[in-house]
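Me: I should like a close look at a single part of this model, namely its open sheet. Please describe how the strands are arranged and what packs on them.

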Amino acid sequence: VLYLGLLFACALATKRGRGWPVAFGALALCPGLAEGASYMLETPLYLALLLGAAHVVLRRGEGLWPEVAVFVAASSLLLARPEGLVVAAVFLAGRSRMVTGASRWRPALAAVGVACSLLVWRLVVFGAWAPNTYFAKRSDSILNEFTDGAKYVVASVMNSGRPGPLPEATVWLSVGPLLLIALAGPWIASRRPAGEPGLRLAVLAWASTASLLAVVVSGGDGYRGLRLLAPVYWLSTLTLVELSASSCKRSAMWGVSLLAVVFGARLIEVLPDPGSKLEGALRAVRAETPWDSRPQEALAAGLARALPGDVVAHRHNQALRYHAPKLRVMDLTGLTQAVIARQSAPDPVGFGRDALSWALEQGVGAIHLDPLSSRGAPAHLHDLGGLAGNPAAWERVLGPDVPRGEVLAQLVQNYRCASLAGVAGPGTWANCLIRSDLAADFRS
């Protein structure tokens, strides 16, 4: 419902420009939008809030209700995503140039109050100014974050996630112009026309640049995909929409032409490819990919019954603690565990920490490394030493990211392969590693 409503809002919001049907298509086929919807991530929600804020904040309206609407829109942005704070600040700064008197600062002051309340809540709950996920995903060096963020942006141009056989030029033309708009945001803002439309154009251009910088500074994304760049693409597209409505015929021509290039390239890219993001959008709309929590529930219940009192370490199943509150869990990524999130990480960090060696030092009872809750092949029929010598078989049974070196040697020496049957129906198995002295109890 949110996804369909978002597309409908795109059609209404883009009517400002001369080429609004093209702009609507460019927004609807935005890389990362359908991807985030398919994986039930927050991308559609944040984009909906972004679209609403752009068209509530960036208008000349004074009085109680317009100020309340601006405050709610800006506060929603900073609460939805970390980079929303930067975009909200740019929007509010731009609005202050459109209105007069106390209306220039009252919504901003109220939004600052919300930000301060959020900070206090985080200090109380997490004991730090940011949640565990922030620290777990950052390395000790800010240079690593810049490098990872730049690589993430470059990868989005070189390969937008399309596995099809079309020329790479379609990828470059579908995302390249939008990234160029974000990079040239300050230049576009400096050459804006006079009046409220020109100010709106400048704010959107600055916001796209600020959003791109936030992605780079944060180190990109641990997930494979373009969900973090979707807001950048949208802000750049809205900048082109505003440009296409310019009173200057030359600027309007550039705006419509670039929108047509982006939309055409994206359309060519997705239509012939059955594995494209367009199919992902259809799956999201038809609700063909709902998040099924039953395998995780069965995994949590099985581990709690087989290993009462022992610690279960995991890489990807943060929901284990929710499904089995009494189960003692260790989050190897640190996303939900402060003691691991604060551990030193001199090397680049992607999805989160990898505290597998620390878990082995603690002697945890079980280790679940698989991002999937179930597999079609059981692990208990395999010898862990044999799997260690065959990375392909390891990935097929226990999941990707095969440990190496001393960590792998300790696993082979102290742990055995184990399986829980039927977690997602007949013929499915949840595969994990059990400490050798607990193998008999687990089997029984």
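Reply: The following account treats the sheet, then the helices placed on it, and finally one salt bridge.

This is a predicted model, in which local features need pLDDT of at least 70 and side-chain atom pairs count only at pLDDT 80 or more, while totals for chains, interfaces and linings use all residues. Residues are numbered from 1 along each chain as its sequence is written, and side-chain values use heavy atoms, with hydrogens and water left out.

The open sheet consists of five strands in the order β2-β1-β3-β5-β4, with mixed pairing. The edges are taken by β2 (328-331) and β4, each of which has a single partner strand, so one side of each is left without a neighbour in the sheet. On average, neighbouring strands of this sheet are turned by 30° against each other, direction ignored. Strands, like helices, are DSSP runs numbered from the N terminus (strands: E, at least two residues; helices: H or I, at least four). Two strands count as paired if DSSP finds at least two bridges between them.

Strand β4 (residues 415-421) is antiparallel to strand β5 (residues 429-435), and seven bridges connect them. Within this pairing, A418 stands opposite C432 of β5. Five of the seven residues of β4 are buried, so that the strand is mostly covered; buried means under 20% relative accessible area, exposed over 50%, and partly exposed in between (1.4 Å probe, protein chains only). Strand β3 (residues 366-368) also runs antiparallel to β5, joined to it by two bridges. There, I367 has L433 in β5 as its bridge partner.

Helix α22 (residues 405-414) packs on the sheet, touching β3, β4 and β5, and its direction makes about 70° with that of β4. Helix α16 (residues 294-306) lies across β1 (311-314), β3, β4 and β5, and runs at about 125° to β4. Contact here means heavy atoms within 4.5 Å. Axes are lines fitted to C-alpha atoms, for helices over the stretch in contact, and angles run from 0 to 180 degrees between N-to-C directions.

A salt bridge (a side-chain nitrogen of Lys or Arg within 4 Å of a carboxyl oxygen of Asp or Glu) joins R315 and D354, whose closest N and O atoms are 3.1 Å apart. R315 belongs to the loop between β1 and α17 (320-323), and D354 to the loop between α18 (338-341) and α19 (356-362); the pair, 39 residues apart, links distant parts of the chain. R315 counts as buried because its relative accessibility is 6%, whereas D354, with a relative accessible area of 46%, is partly exposed.
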